[in-house]
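Here are some notes to read alongside the structure. I hope they help you find your way around; take them in order, or skip to whatever catches your eye.

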Amino acid sequence: MEGELEDDARQLAAIRCDAERLIQDLTEQQLTRCASPGTWSIADCLNHLVVTGNHSLSNIRTAIVDARARGLVGRGPFRHGVIGNWLVRSMDANSKIKFRSPAVYRPSPVVSAAETIRAFFRLQDELRRVLEEADGIDLARVKVANPVTRWLRLSLGQELAFIAAHERRHLLQAARAIG
């Protein structure tokens, strides 16, 4: 697997371990409790990641199929655009910038904590598979559509890095929900 994708795979493996440690031995009540009014519970944070991740996976897979059909292949290191790189850094757990979640990405209130956890780990498996599918693709030239903002198109490499940054951000938020 290409170096940038190997790094993404390492990040996703660390995220998986962090999530497993976070939810280990927690009850349904602990998973669904909000630390304060107007905040998300651990289950809400994971559900949000599932909702956003599934949207992203669909667009990533479309971009990969299109890239292969158009012969957009390459080996790194890849150079990504400045704005996209800034967005990735801005989304990470240590960023001070706050974002409002679009309605389409808000947690679903009808999904149980147990189903949310299963869905989160299924998503992690799918993300690992998509990294393998992306191997050999030019991660800088291939652009991924954003389902919320049509004018924003990150490179495939940036989109994959964005997902990892976003997951770290919300796992930190989930850890704060324990109280």
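1. Let me start with the aromatic rings, bearing in mind throughout that this is a predicted model. How many aromatic pairs are there? The count comes to 1 aromatic pair, and its partners are Phe120 and Phe121. Their rings sit edge-to-face, with 5.2 Å from centre to centre and 80° between the planes. An angle over 60 degrees is what earns that label.

2. Are these two residues buried or exposed? Phe120 is buried, because its relative accessibility is 0% and the limit for that class is under 20%. Phe121 has a relative accessible area of 15%, so this residue counts as buried too.

3. Next, please look at the largest pocket, whose volume is about 1300 Å³. Its lining is made up of 44 residues, and the ones nearest the centre are Met91, Phe99, His166, Arg169 and His170. Several elements give two or more residues to this lining: helix H3 (42-70), helix H4 (82-91), strand E1 (143-145), strand E2 (153-155) and helix H6 (156-177). By residue type, the lining divides into 22 nonpolar, 13 polar and 9 charged.

4. Which element gives the largest share of that lining? The answer is H6, with 11 residues. H6 deserves a moment of its own: 16 of its 22 residues are buried, so this helix is largely enclosed by the rest of the structure. Its length also works out, because 22 residues at 1.5 Å a residue should span 32 Å, and the end C-alpha atoms of H6 are 32 Å apart.

5. The second largest pocket holds about 170 Å³ of space. You will find 13 residues around this pocket, with Ala63, Asp66, Val142, Lys143 and Arg153 nearest its centre. H3 and E1 each supply at least two residues of the lining, and H3 gives the largest share, 6 residues. Here the lining divides into 6 nonpolar, 2 polar and 5 charged residues.

6. Since H3 contributes to the lining of the largest pocket and of the second largest pocket, it is worth following from end to end. H3 has 29 residues and reaches 41 Å from its first C-alpha to its last, close to the 42 Å expected at 1.5 Å a residue. At the start of this helix, a side-chain oxygen of Ser41 comes within 3.4 Å of the backbone nitrogen of Ala43. After the helix comes Gly71, with a positive phi near 75°.

7. Besides the pockets, how many cavities of 30 Å³ or more does the structure hold? There is 1, and the volume of the largest cavity is about 30 Å³. Asp8, Leu12, Leu127, Leu131, Leu160 and Ile163 line it. Helix H1 (3-23), helix H5 (113-134) and H6 each supply at least two of these residues. By type, the lining comprises 5 nonpolar residues, no polar ones and 1 charged.

8. A few residues help to show which parts of the chain come together. Ala114 lies in helix H5. Ala114 and Ala43 are 71 residues apart in sequence, yet their C-alpha atoms are 8.5 Å apart in space. With a relative accessible area of 35%, Ala114 is partly exposed, because that class runs between 20% and 50%.

9. Leu26 offers another such link, from the loop between H1 and H2. Leu26 and Ile178 are 152 residues apart in sequence and 9.5 Å apart in space, C-alpha to C-alpha. Leu26 is partly exposed, with a relative accessible area of 22%.

10. Finally, where is Cys34 found? Cys34 sits in the loop between helix H2 (28-32) and H3. At 33% relative accessibility, Cys34 counts as partly exposed. Cys34 and Asp44 are 10 residues apart in sequence, with 8.9 Å between their C-alpha atoms.

Notes. Residues are numbered from 1 along each chain as its sequence is written. This is a predicted model: local features need pLDDT of at least 70, side-chain atom pairs count only at pLDDT 80 or more; totals for chains, interfaces and linings use all residues. Side-chain values use heavy atoms; hydrogens and water are left out. On a 1 Å grid over the protein atoms alone, a cavity is a set of points where a 1.4 Å probe fits but cannot get out, and a pocket is an open set with protein on both sides within 12 Å along at least five of seven lines; lining residues have an atom within 4 Å of a point. Grid points are joined across faces, edges and corners, and a volume is the space filled by probe spheres set on the points. Helices (H or I, at least four residues) and strands (E, at least two) are DSSP runs, numbered from the N terminus. Ala, Val, Leu, Ile, Met, Phe, Trp, Tyr, Cys and Pro count as nonpolar, Asp, Glu, Lys and Arg as charged, and the others, Gly among them, as polar. The expected span of a helix is 1.5 Å times one less than its number of residues. A polar contact is a pair of N or O atoms within 3.5 Å; within protein, one must be able to donate a hydrogen and the other to accept it, and residues adjacent in sequence count only if both atoms are side-chain atoms. Rings of Phe, Tyr and Trp (its six-membered ring) pair if their centres lie within 6.5 Å; planes under 30 degrees apart count as stacked, over 60 as edge-to-face and the rest as tilted. Buried means under 20% relative accessible area, exposed over 50%, partly exposed in between (1.4 Å probe, protein chains only).
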